[in-house]
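Trainee: Could you take me through one part of this model closely, and then show me how it sits in the rest of the protein? I would love one connected walk rather than a list.

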Amino acid sequence: MAILVTGGLGYIGSHTVVELLNNNFEVVIVDDLSNSEKFILKNIEEITGRKPVFYPFDLKRRELLTQVFDAHNIEGCINFAASKAVGESQLKPVDYYENNLFSLINILQEFKEREISNFIFSSSCTVYGQADTMPIDENTPLKTPESVYGKTKQMGEEILIDFAKAYQRKITLLRYFNPIGAHPSAKIGELPIGVPNNLVPYVMQTAAGIREKLNIWGNDYPTEDGTAVRDYIYVVDLAKAHVAALKKLMQITSDGTVVDIYNLGTGKGSSVLEVVTAFEIANHVEVPYQVCDRREGDITIAYANADKAERELGWKSETTLEEALKTVWEWQKYLETKK
Ligand SMILES: NC(=O)c1ccc[n+]([C@@H]2O[C@H](COP(=O)([O-])OP(=O)(O)OC[C@H]3O[C@@H](n4cnc5c(N)ncnc54)[C@H](O)[C@@H]3O)[C@@H](O)[C@H]2O)c1
Ligand SMILES: O=c1ccn([C@@H]2O[C@H](COP(=O)(O)OP(=O)(O)O[C@H]3O[C@H](CO)[C@H](O)[C@H](O)[C@H]3O)[C@@H](O)[C@H]2O)c(=O)[nH]1
């Protein structure tokens, strides 16, 4: 019996594969390497001493996916594979809908035909938009996301709920807040391909001298220091939540529909300036910055109420912001050795 992990060589996927292997799951990865690199597979093997099965192809190729389901006894899927750049999604909407939704539908067709259950979906707190109250729990009303990327997440959730209801299957939607950090071994982390859009990779590259200055997008928000607030969750903690969610889903033996939804965050909001300062203190480096206009589409504040995950999955975030930011710097040093 094996778990299919799509996008398993990507940032969150690779950390989750490590946790799955450490928990003795058999893992089958499908990843087309569109936003990841093959050396991550070797490093996963070095960290865990175990070898996941790996297929390098695009999930939109249904016939290849069918062969994977024929070859392995798949009993569940964690679906990370998706395109995730918010700005790019506005410029290439059709490509984003195609990649994020066709991939999902192809997997669900296999599930449907083979009576497989246990599906875990990577969703995002972007489905809440700018929530009216903080912290954000799972009952906070959803808003139409600003970006095409966000819409693919909301549509993905709806497709999965309909799938679970119609075919009596078990699904879990995990809404991540802002994942950061790298594995303590510094052998896997977020690959900086091109100019980073996200805060922490940009901070990392600025500290390393790859970027001259961090642009802080706005200091006129109605927050304590004027910069926007997010909930930064350590990626290894996030990976562990997937294992907990999968175990819970697999333990449910009764036939029938199960739709579980969990917010995964720390419960604590940090401003952009707080992240910059924490990075400097944790790593004894300087992060030069300048304040610029707000970035279009950004919200003011988002942080999670993750009590439901603690109650029902026995999971909670354990790593502090400073600890997580230390692993970011170790990862940057590792990347320099690979040049
Ligand atoms: N990183 C975040 O801030 C964040 C926040 C919320 C939700 N998410 C979601 O979590 C998931 C994982 O994010 P990540 O940060 O690890 O991204 P990532 O880009 O590092 O990983 C995604 C992986 O999927 C692969 N992939 C993409 N399209 C594919 C396809 N059609 N066929 C096969 N492989 C394909 C890529 O090569 C990559 O390795 C995504 O669904 C993302 O939308 C991420
Ligand atoms: O160079 C930068 C990059 C970011 N920021 C600021 O840092 C904060 C965090 O920005 P990120 O881009 O790291 O994260 P977002 O919260 O904007 O978006 C991320 O989290 C979302 C969920 O809320 C989606 O999942 C999305 O895919 C993912 O990129 C924002 O206030 C942003 O304006 C800067 O000031 N400078």
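Mentor: Happy to. Let us start at N35, which lies in the loop between strand 2 and helix 2. Keep in mind that this is a predicted model.

How exposed is N35? It has 17 C-beta neighbours inside 10 Å, and a residue counts as buried only from 20 upwards and as exposed at 12 or fewer, so N35 is partly exposed. Beyond its neighbours within four places in sequence, N35 is in contact with G10 and I193. The pair with G10 is worth a look in the viewer: the two residues are 25 apart along the chain, yet their C-alpha atoms are separated by 6.7 Å.

The loop that holds N35 has another residue to inspect. L33 is also in the loop between strand 2 (27–30) and helix 2 (39–48), and its phi is near 60°, a positive value in a residue that is not glycine. Most residues other than glycine have a negative phi. With 15 C-beta neighbours inside 10 Å, L33 counts as partly exposed too.

Now step back from the loop to the sheet. Strand 2 belongs to an open sheet of 7 strands, in the order 3-2-1-4-5-6-11, with parallel pairing. At the edges are strand 3 (53–55) and strand 11 (258–264); each has a single partner strand, so one side of each is left without a neighbour in the sheet. From one strand to the next the twist averages 20°. Within this sheet, strand 1 (residues 2–6) runs parallel to strand 4 (residues 74–79), and 5 bridges join them. You can pick out I3, whose bridge partner in strand 4 is G76. Helix 5 (residues 93–114) packs on the sheet, where it touches strand 1, strand 4 and strand 5 (119–124). The direction of helix 5 makes about 165° with that of strand 4.

Two other loops deserve a visit. Between strand 5 and helix 6 (148–167) lies P135, and the peptide bond leading from M134 to P135 is cis, with omega near -10°. Most peptide bonds are trans. In the loop between strand 7 (178–180) and helix 7 you will find A186, which has a positive phi of about 60° although it is not a glycine. A186 has 18 other C-beta atoms within 10 Å and is partly exposed.

Helix 7 leads us on to ligand 2. This ligand is surrounded by 20 residues, and the closest are S124, N198, L199, W217 and A228. Helix 7 (199–207) and strand 8 (214–217) each supply at least two residues of the shell, and the largest share, 4 residues, comes from strand 8. By class, the shell has 10 nonpolar, 6 polar and 4 charged residues.

Finally, the whole protein. Its secondary structure comes to 11 helices and 13 strands. The radius of gyration is 19 Å, close to the 20 Å that the globule rule gives for 339 residues, so the protein is as compact as a globular protein of that length. Along the principal axes, the C-alpha trace spans about 55 × 45 × 40 Å. Buried residues make up 48% of the 339 residues. Of the contacts with a separation of 6 or more, 82% are between residues 24 or more positions apart. The N35 and G10 pair, 25 residues apart along the chain, brings us back to where we began.

Key. Residues numbered from 1 in each chain as written. Chains lettered and ligands numbered in written order. Predicted model: local features only at pLDDT ≥ 70, side-chain atom pairs only at ≥ 80, totals over all residues. Rg over C-alpha atoms; globule rule 2.2 N^0.38 Å. Contact = placed C-beta atoms within 7 Å. Near = placed C-beta within 6 Å. Nonpolar A, V, L, I, M, F, W, Y, C, P; charged D, E, K, R; others polar. Pairing = 2+ DSSP bridges. Axes fitted to C-alpha atoms, helices over the stretch in contact; angles between N-to-C directions.
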